[in-house]
Amino acid sequence: MANVASTTASAGSELTARALREAVFAGLISLGLFILFVGLETTQNIRNELVLNQRWGLLATFVVIAMVGRFLMVAYVQPRLAQRKAAKAAAPDVVKEEGFFSRNFSAIAIVALILYPPVVLALTGVQGSLKWVDNFGIQILIYVMLAWGLNIVVGLAGLLDLGYVAFYAVGAYSYALLSSYFGLSFWVLLPVAGLLAACWGVVLGFPVLRLRGDYLAIVTLAFGEIIRLVLINWTEVTKGTFGVSGIAKATLFGIKFDATKTGFAALFGLPMSSAYYKIFLFYLILGLALLTAFVTIRLRRMPIGRAWEALREDEIACRSLGINTVTTKLTAFATGAMFGGFAGSFFAVRQGFVSPESFVFLESAVILAIVVLGGMGSLTGIAIAAAVMIGGTEILRELAFLKLVFGPNFTPELYRMLIFGLAMVVVMVWKPRGFVGSREPTAFLHKRKAVSGSFTKEGHG
Amino acid sequence: MTAPLLHVRGVETYYGNIRALNGVDVEVHRGEIVSLIGANGAGKSTLMMTICGSPQARTGSVHFEGQDITRLPTHEIARLRIAQSPEGRRIFPRMTVLENLQMGASLDELKHFKEDVEKVFTLFPRLKERQAQRGGTLSGGEQQMLSIGRALMARPKLLLLDEPSLGLAPLIVKGIFDAIKKLNKQEGLTVFLVEQNAFGALKLSDRAYVLVNGRVTMSGTGKDLLANPEVRAAYLEGGRH
């Protein structure tokens, strides 16, 4: 008995020693990594001279966090995980019955989203709700929609598109320019923007029909840049880098959201506030995103959707089964681009201002990252990834308390991309196929046995 | 004699400047099993792919039911009901067995899907057990069955099989050859088969061609070729000196 106790004790102290050792290593590595990025900062003073600021305190905080994190990881988290793994392996295989929540996840999520604006309004008041509806609601939903649109091209058809933001730009500028030159309304221009983007999708699709993988990625990347450069340099029409401003707002069945007598607020006897317009926009983008999801789910069950997925798997086999790979690819590009166009015109109507700066490569990369993190092809996973990534970067603005830890000059927003990258690495190590890595089959001969996932539950093949 | 179902005349196919087929003539009649045997690099798979239009023949012609299909794109050739189980099987690995079979039936928009699936499942009962499983998780033999099954879903007039025995255990190869024989006997399906496994292929076939360096050097009934000393020396006993 005493023997056993002494071995566990010695194992414990051994573990602590190892954890300490690894913590020191982690500290050294983070010191090396951050010494130039965090420890030193260059700024310009009033005479335009370069000044080197030394931030040893901040650097020390970073190193300490890395060391403490590594120590806790090795000493506590890893043994716990190993224990759980062993327990799991020892336990007999039990088929896990899925709970009510996971079975009805998408229905619950949709209801929650519909209730979100009134709840926020009740909790935070009219002015306070602005931030929550706009920054967290609309912003996230735009990316959900964009990622779902890109998912058709990348997730279903397997065509790696790094220039998706181009279609977003086409949609945004279609609305911005056609509304300011011809005075057409949002509801007329929304389908027009989608159609124009779809046309550009076909234009991109033609030259890249024979390309796959890396080569396709490079050409689509270049395409995205071409669209942006055209927007910058075609100054007579697009006003170049100044952008198009004063874009008309959308109306609800002809009711404007302004301070006039016939405006929304006056009509319903409410005090004038821009919050009502934001809430209207929230429902608008929610509707558009749900349309994207609905179309994706329907298409997956139709011959064209099956052909997309087969194309992703094996192009030669597709051709030998009589599938026209040219039209299949072009429809994938066009459909994906169309939703990008819808999202773009929504973006223009929300901002009231568009400039080429909103459509840089980074946007394409973020959208693609969301698709990959969520799990290619999975609508639920992508929505979660968008909420985490975009919501996460928005939350960074709210974390004023970090100033207490890192000093008063610390601005968490600046670390946005660092955290974004870290999150990607963590997710890819932890779940290499994304949050929802499993693919939902669409064909069933008899009744489905297991009901899992969320967005394919209504179908019986 | 009636016109052949598939008629390959003087076909030359090139990869860049390299000539892979050097004037090949092959005929396949309705209801026959015809096999093409030959060593590695003889051009067997190239001939198969040329019939499917990828790559296309530079000279010569391919006729199917009297129609010139030499310059048709691959998917249109497939629409004439020439179904292929390609080399390396090429099933869709992330799609389920049933979805793979659906893809095979896409020419008819799944009109006869249920009926045809039952037929494929009777032919290959293993696929029925595995219908909800992803294609990539099947064993090699099951994948080959799936590949043939997928081709059959298109209700083909001509079935092209490229090395169905590749990398499979002898017992499984026998099962697959039996299934091919059964299809031919019961349904009258015309089969054109490319094989390295000369013994199995010749036993199975009504007629056969021997391909050497892109040229047909011998042809005859399966039985004759099996008995032919040259064929025996080159393809049947070559391995056991």
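Trainee: Where is the kink in α2(A) centred?
Mentor: Quick background: this is a predicted model, where local features need pLDDT of at least 70, side-chain atom pairs count only at pLDDT 80 or more, and totals for chains, interfaces and linings use all residues. Residues are numbered from 1 along each chain as its sequence is written, while chains are lettered from A and ligands numbered from 1 in the order in which they are written. The bend at a residue is the angle between axes fitted to the seven residues ending there and the seven starting there. For α2(A) there is a kink of about 40°, and its centre is A:M73.

Trainee: How far apart are the end C-alpha atoms of helix α2 of chain A?
Mentor: Helices are DSSP runs of H or I, at least four residues, and strands are runs of E, at least two, both numbered from the N terminus. The expected span is 1.5 Å times one less than the number of residues, so the 35 residues of α2 (56-90) of chain A should cover 51 Å. The model agrees with that, with its end C-alpha atoms apart by 49 Å.

Trainee: What share of the residues in chain A is buried?
Mentor: Buried means 20 or more other C-beta atoms within 10 Å of a residue's own, with exposed at 12 or fewer and partly exposed in between (C-beta atoms are placed from the backbone). In α2(A), the buried residues include A:F62, A:M67 and A:R70. Chain A has 461 residues, and the buried share is 36%.

Trainee: Which element gives the most to the side of chain A that touches chain B?
Mentor: Two residues are in contact if their C-beta atoms, placed from the backbone, lie within 7 Å. The contact takes 20 residues from chain A and 26 from chain B. Two elements of chain A give two or more residues to its side, α11 (303-313) and α12 (315-320). The top contributor, with six residues, is α11(A).

Trainee: Which strands stand at the edges of the open sheet in chain B?
Mentor: Strands pair if DSSP finds at least two bridges between them. This sheet has four strands in the order β2-β1-β4-β5, with antiparallel pairing. The edge strands each have a single partner, so one side of each lacks a neighbour in the sheet. In chain B, these are β2 (18-28) and β5 (67-68).

Trainee: What is the bridge partner of B:E12 in β4(B)?
Mentor: β1 (6-15) and β4 (59-64) of chain B pair in the antiparallel sense over five bridges. In β4(B), the partner of B:E12 is B:T59.
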